[in-house]
Amino acid sequence: MDNFKDYLQEQMDLKRPCTIKFKDVQGAVTITKGHIVKMEEVSDREIIETDAGLVIGMEQIISVNDRQQANYC
């Protein structure tokens, strides 16, 4: 997952627009578009935050810009 986190960090640093596909709290697959503005660890949980204020846990993310996490099943 470190390569994926590096990729997300790069997208954030370069302020590139992202299409983020993730599972919401009900388990439904959701797609959002925006910029990643923050990556941090909160209460032992890694999260990203988008420019729209959406906070997504790393374990919820399926893909960013069609780049899939290695550990996603």
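## Briefing: a chain of one helix and seven strands

S63 stands opposite Q68 in β7. That pair belongs to a predicted model of a chain with one helix and seven strands. In sequence order the elements follow the pattern α-β-β-β-β-β-β-β. The radius of gyration is 11 Å, close to the 11 Å that the globule rule gives for 73 residues, so the chain is as compact as a globular protein of that length. The strands discussed below form an open sheet of four and an open sheet of three, and α1 lies across strands of the one and of the other.

**Overall dimensions**

- Along the principal axes, the C-alpha atoms fill a box of roughly 30 × 25 × 20 Å.
- The accessible surface is about 4700 Å², and carbon and sulfur atoms hold 47% of that area.
- Of the 73 residues, 32% count as buried.
- Among contacts with a separation of 6 or more, 45% are between residues 24 or more positions apart.

**The four-stranded sheet**

- The strand order is β2-β1-β6-β7, the pairing is antiparallel, and the sheet is open.
- Its edge strands are β2 (29–34) and β7 (67–68), each of which pairs on one side only.
- β1 (residues 18–23) pairs with β6 (residues 61–64) in the antiparallel sense, over three bridges.
- Within the β1 and β6 pairing, I20 stands opposite V64 in β6, and K21 has S63 of β6 as its bridge partner.
- S63 therefore appears in two pairings, since Q68 of β7 also stands opposite this residue.
- β6 and β7 run antiparallel and are joined by two bridges.
- The hairpin of β6 and β7 has two residues between the strands, and N65 takes a positive phi near 50° there.

**The three-stranded sheet**

- This open sheet has the order β3-β4-β5, again with antiparallel pairing.
- β3 (36–42) and β5 (55–57) are at the edges with a single partner strand each, so one side of each has no neighbour in the sheet.
- On average, neighbouring strands of this sheet are turned by 25° against each other, direction ignored.
- β4 (residues 45–50) pairs with β5 in the antiparallel sense over three bridges.
- I48 stands opposite I56 in β5.

**The helix and the core**

- Helix α1 (residues 2–13) lies across β1, β6 and β7, and runs at about 55° to β6.
- α1 also lies across β3 and β4, running at about 140° to β3.
- In soluble globular proteins, nonpolar side chains tend to be buried together.
- The largest nonpolar core here has 13 residues, and those touching the most other members are L8, I20, I36, I48, I61 and V64.
- α1, β1 and β6 are the elements that give two or more residues to this core.
- The largest share, four residues, comes from α1.
- I20 and V64, both listed among these core residues, are also the pair that stand opposite each other across β1 and β6.
- I48, likewise listed in the core, is the residue that stands opposite I56.

**Two loop residues: R16 and Q60**

- R16 sits in the loop between α1 and β1.
- R16 has 37% relative accessibility and counts as partly exposed, because that value lies between the 20% cut-off for buried and the 50% cut-off for exposed.
- Not counting residues up to four places away in sequence, R16 touches E10, Q11, G34 and H35.
- The C-alpha atoms of R16 and G34 are 8.5 Å apart in space, while the two residues are 18 residues apart in sequence.
- G34 is the end of the range given for edge strand β2 (29–34).
- Q60 sits in the loop between β5 and β6.
- Q60 has a relative accessible area of 15% and is buried, because the value is under 20%.
- With residues up to four places away in sequence left out, Q60 touches F22, K23, D24, V25 and R45.
- Of these contacts, F22 and K23 fall in the range of β1 (residues 18–23), and R45 falls in the range of β4 (residues 45–50).

Methods
Residues are numbered from 1 along each chain as its sequence is written. This is a predicted model: local features need pLDDT of at least 70, side-chain atom pairs count only at pLDDT 80 or more; totals for chains, interfaces and linings use all residues. Side-chain values use heavy atoms; hydrogens and water are left out. Contact means heavy atoms within 4.5 Å. Axes are lines fitted to C-alpha atoms, for helices over the stretch in contact, and angles run from 0 to 180 degrees between N-to-C directions. A nonpolar core is a set of buried Ala, Val, Leu, Ile, Met, Phe, Trp, Tyr and Cys residues joined through side-chain atoms within 4.5 Å. Buried means under 20% relative accessible area, exposed over 50%, partly exposed in between (1.4 Å probe, protein chains only). The radius of gyration is taken over C-alpha atoms; the globule rule is 2.2 Å times the number of residues to the power 0.38. Accessible areas come from the Shrake-Rupley method with a 1.4 Å probe; for residues, only the protein chains shown count as cover.
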